[in-house]
Amino acid sequence: MKSNIQPAEGKLGILIPGLGAVATTLIAGVEAVKKGISQPIGSLTQMGTIRLGKRTENRNPKIKEFVPIADLNDIVFGGWDVYSDNVYEAAMHAKVLEESLLNKVKEGLEAIVPMKAAFDHNYAKNLTATHVKTGTRYELAQQVMQDIKDFKEKNDCSRIVLIWCGSTEIYYETSAIHQTVEAFEQALLDDDKLISPSMIYAYAALKMGIPYVNGAPNLTVDTPALVELAKRTNTPIAGKDFKTGQTLMKTILAPGLAARSLGVSGWFSTNILGNRDGLVLDDPDNFKTKEVSKLGVLEDILQPVRNPELYGDLYHKIRINYYPPHGDNKESWDNIDIFGWLGYKMQIKINFLCRDSILAAPIALDLALFVDLAKRAEMSGVQEWLSFYLKSPQTAPGLPAENDIFKQLMKLQNTLRHMMGEDLITHLGLDYYQELVDTL
Ligand SMILES: NC(=O)c1ccc[n+]([C@@H]2O[C@H](COP(=O)([O-])OP(=O)(O)OC[C@H]3O[C@@H](n4cnc5c(N)ncnc54)[C@H](O)[C@@H]3O)[C@@H](O)[C@H]2O)c1
């Protein structure tokens, strides 16, 4: 497989619909890392290592030295937003990073001015958009394609990826217009309201063979029409919803409880956050999209149907409350009712004082770099190996998602090994164990 990967030559344009808290934290962070001011902590592509071969071989290169991902110095950022603030202003508004840090990279951030957004107020009612394109959905898609072409030319990029960091849209399900590429294209021409703004960006990208990652829980590319379009244009896609904060903790802890056959009868999760994401999620229709995305993970990991004695009565409840004083510093509480030997009850309490965008930015970076790698490795369609980063992983139709973070990591690492022609690691190790035993 290794020989098929095109090298990461030239510049990589990372185009982002939604230049809010996550996107500006990502962009400012990459600029700070490039200047040597900060470290890319939390990014597997930048900090992580990967074991190759047998444990006895002692080969553990950094991932960025093992696979040909783009160098941070070759990245150019751009994007769209419904507000005209440049990235410096938007980052100041988001209040995630300190002003002193932002001022050190101010020039680069000010130069990134959002393009006008493809937007429909009905999909995010709590936003008062002032910087939007006009036209039918078909015309908006054409305009987004033109934006991408212009950006690529102006910045002399050899490749582009799109990563949605826009607000969570209201809850919607697939309908007839989402079933085939032809029906979807007709709906674009008909300016059908069932096509959400995020789908317009995704369609534009996929039509041009540009990888698309969905950092929000919106369905977007998790629809038959856009999956089909991705296949037709040999384009990788990944989604949905960056796995940060509370869900990250859930998918770390739940596999451990299940591994020890400990029972779980209840898991109550509540959050307070006060950023713009929280404001959008304050609308029940938008919250519903997030709730669906967050609810699936426990059921998938604990498998109540297969393990009725341990998880059959599991009560899982999730709340998100908009609380402006906390800004981006989301605070979450989890109360977990578990039971052990002979049914004796115990409790676990988690109080995670996290910083949402600090957790999201490095995974947005990794997803952008990996999806670009996938494109160069001629991998197309749903990239399930990127589930590691996602709260509600998209899978091939009919396949259950894998939410256990440790299995997700193993899949990601083995995919990288496979890409580079290295042996997959099963952790069985019997062959060299026996060799070691025999030499004793
Ligand atoms: N912060 C996290 O840890 C985290 C985790 C998982 C998922 N997410 C998701 O990532 C997304 C971004 O989060 P955030 O905290 O940066 O939110 P944010 O509100 O700060 O930024 C979102 C931006 O998207 C813009 N926007 C909305 N609709 C748009 C459109 N159609 N076109 C272009 N721009 C549009 C908004 O104006 C806003 O600036 C949200 O959907 C959120 O649910 C965030």
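These legends walk you through a few close-up views of a predicted model. Local features here need pLDDT of at least 70 and side-chain atom pairs count only at pLDDT 80 or more, while totals for chains, interfaces and linings use all residues. Residues are numbered from 1 along each chain as its sequence is written, and side-chain values use heavy atoms, leaving out hydrogens and water.

**View 1. Four strands form an open sheet.** The strand order is 8-7-9-10, and the pairing is mixed. Strands (E, at least two residues) are DSSP runs numbered from the N terminus, as are helices (H or I, at least four); two strands pair if DSSP finds at least two bridges between them. At the edges lie strand 8 (315-322) and strand 10 (345-353), each pairing on one side only.

**View 2. Strand 9 meets strand 10.** Strand 9 (residues 331-339) runs antiparallel to strand 10, and nine bridges join the pair. In one of these strands, strand 10, Gln-347 is the bridge partner of Asp-337.

**View 3. Helix 11 packs on the sheet.** Helix 11 (residues 245-259) touches strand 7 (263-273), strand 8, strand 9 and strand 10, where contact means heavy atoms within 4.5 Å. The directions of helix 11 and strand 7 make about 165°; axes are lines fitted to C-alpha atoms, for helices over the stretch in contact, and angles run from 0 to 180 degrees between N-to-C directions.

**View 4. Cys-165 and Cys-354 stay unbonded.** The structure holds zero disulfides (pairs of cysteine sulfur atoms within 2.5 Å). The sulfur of Cys-165 has its closest cysteine sulfur in Cys-354, 16 Å away, so it is too far for a bond. Cys-165 is buried at 14% relative accessibility (buried means under 20% relative accessible area, exposed over 50%, partly exposed in between, with a 1.4 Å probe and protein chains only). Cys-354 is also buried, at 4%.
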